[in-house]
Structure formats: C-alpha cells, structure tokens
Amino acid sequence: MPEQAHGPGARAASAARAGIERFVDVVGEWISWLALVIVAVMATNVLLRYLFRTGSVWSQELEWHLLVPLVLFGMSYAMRHGSHVRVDILYARFQERTKVYVDLLSALLYLALSVLVIAFSLHYVEQSYVISEQSQDPGGLPYRFLLKALIPVGFALLLAQSVAVALGCIEKLKKLKA
C-alpha cells in the first residue's frame, strides 16, 4: 500500500505542485516591487498637492491602477507562504491531521471562489474592452479594460495556488496515514 502513495501519479502531482509554487513565487517577488512604486507615486502626489498646490487626475488614478495587480497577484503569494488571514489562536491548537483538513477545505473554497470570479469577470472584461472603457474624469487614464483584465488573470493564479495547496494537503494526509 505505501508503494501507491509514492507512485508515478503522486510524483507527477508533487512536480505539478512544485512548479505552480515556483511560478507563484516568481510572480509574487516581481509584483512586490510595485509596492515601492506605489509609495513613490503616493509620496509625489502628496508633495505636489500640499507643497505646490498642484496635482493630476492621472497620477492619482495611477495609484490604484498599480494597487490592483499588487493585490490580485499578491493574494496567491500570500496563500503560498501562509500569510493569509486565518484564526491562528484556534488553528495552533489543532492536531496536525485537523490542520491539514482545514487547509484542504480552505484550498477547495478558494478554488471554488476563483472559478466563480473568473467566470463572472470574463463578460465584465469583454464589455469594458468592447466599449474601450477609460476614466470618466478629464485627464484620467485610458485603457481601463487592461486593468479589469487582471481580475480573471489574478484569480487564475489564485486557482493554481489553491490546486497546489490541495495537492500538498493530500500528500500530507497520505503521509500521516502511512
């Protein structure tokens, strides 16, 4: 029986999990640099507004245009490293098997949520593209559909990380049974 737990299927699942996690790490590390850019843009906007009584709509919109990819791609990175929100005061007291089941259930819920958001956001993005949506404000940023297109992409990455977590949980459960 232990032979089956480490067969070709298990090795393939483990390799797939490792590949997803490597990809999420690379994306997360690259996208984390946006935090520094956001701080610089916000600081510049504040200085321009309060010291020189000037500013622009596009630079204010740029703040949240940069925040969107940081959040959408950062959530997968946070999940990968266990930095997401959970009630640790309870979780810490669970036995190892219970922790794995909680993690598996959480991964499956994230997976379901990701599928729903992707499915519902595709029409939203398409509609934005068709009308060539841009900022309503004069001097605002164009091509808002590009920003909205990050919604299904970000949740696809979360879906992939959810699969990796679920595969890792199944792997742990097999080891705990052996």
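**Note on side-chain contacts in a predicted model**

1. Arginine 17 and glutamate 21 are joined by a salt bridge, in which the closest N and O atoms are 3.3 Å apart. The structure is a predicted model, and the values in this note should be read with that in mind. Arginine 17 and glutamate 21 stand four residues apart in helix 2 (residues 8–31), so about one helical turn separates them. Arginine 17 is buried, with a relative accessible area of 17%, and glutamate 21 is likewise buried, at 12%.

2. Helix 2 also takes part in a contact with another helix, since the side chains of aspartate 25 and arginine 80 meet in a salt bridge of 3.3 Å from N to O. This pair links distant parts of the chain, with aspartate 25 in helix 2 and arginine 80 in helix 4 (residues 57–80), 55 residues apart. Aspartate 25 is buried, having a relative accessible area of 15%, whereas arginine 80 counts as partly exposed at 26%.

3. The residues of the two preceding points belong together, because Arg17, Glu21, Asp25, Arg80 and Glu171 are linked in a network of salt bridges, each such bridge being a side-chain nitrogen of Lys or Arg within 4 Å of a carboxyl oxygen of Asp or Glu. By this rule the count comes to six salt bridges.

4. One of the salt bridges is formed by the side chains of glutamate 61 and arginine 144, at 3.9 Å from N to O. Glutamate 61 lies in helix 4 and arginine 144 in helix 7, so that the pair ties together parts 83 residues apart in sequence. Both glutamate 61 and arginine 144 are buried.

5. Turning to the aromatic residues, a search of the whole structure finds two aromatic pairs. In one of them, the rings of tyrosine 129 and phenylalanine 145 have centres 5.1 Å apart and planes at 85°, so the arrangement is edge-to-face. The pair links tyrosine 129 in helix 6 (residues 96–130) to phenylalanine 145 in helix 7 (residues 144–177), 16 residues apart. Phenylalanine 145 also pairs with tyrosine 143, where the ring centres are 6.1 Å apart and the planes at 85°, so this pair is edge-to-face. Tyr129, Tyr143 and Phe145 thus form one aromatic cluster. Within the cluster, tyrosine 129 counts as exposed at 55% relative accessibility, while phenylalanine 145 is buried at 14%.

6. On the surface, Leu47, Leu48, Leu51 and Phe52 make a nonpolar patch of about 420 Å². Among them, leucine 47 has its place in helix 3 (residues 33–51) and is partly exposed, with a relative accessible area of 47%.

Definitions and conventions:
Residues numbered from 1 in each chain as written. Predicted model: local features only at pLDDT ≥ 70, side-chain atom pairs only at ≥ 80, totals over all residues. Heavy atoms only, no water. Phe/Tyr/Trp six-rings, centres within 6.5 Å; stacked < 30°, edge-to-face > 60°. Helix = DSSP H or I, 4+ residues; strand = E, 2+ residues; numbered from the N terminus. Buried < 20%, exposed > 50% of the residue type's maximum accessible area, 1.4 Å probe, protein only. Patch = residues over 30% accessible without salt bridge, like charges linked within 9 Å, V, L, I, M, F, W, Y side chains within 5 Å. Areas by Shrake-Rupley, 256 points an atom, 1.4 Å probe, with all protein chains shown as cover.
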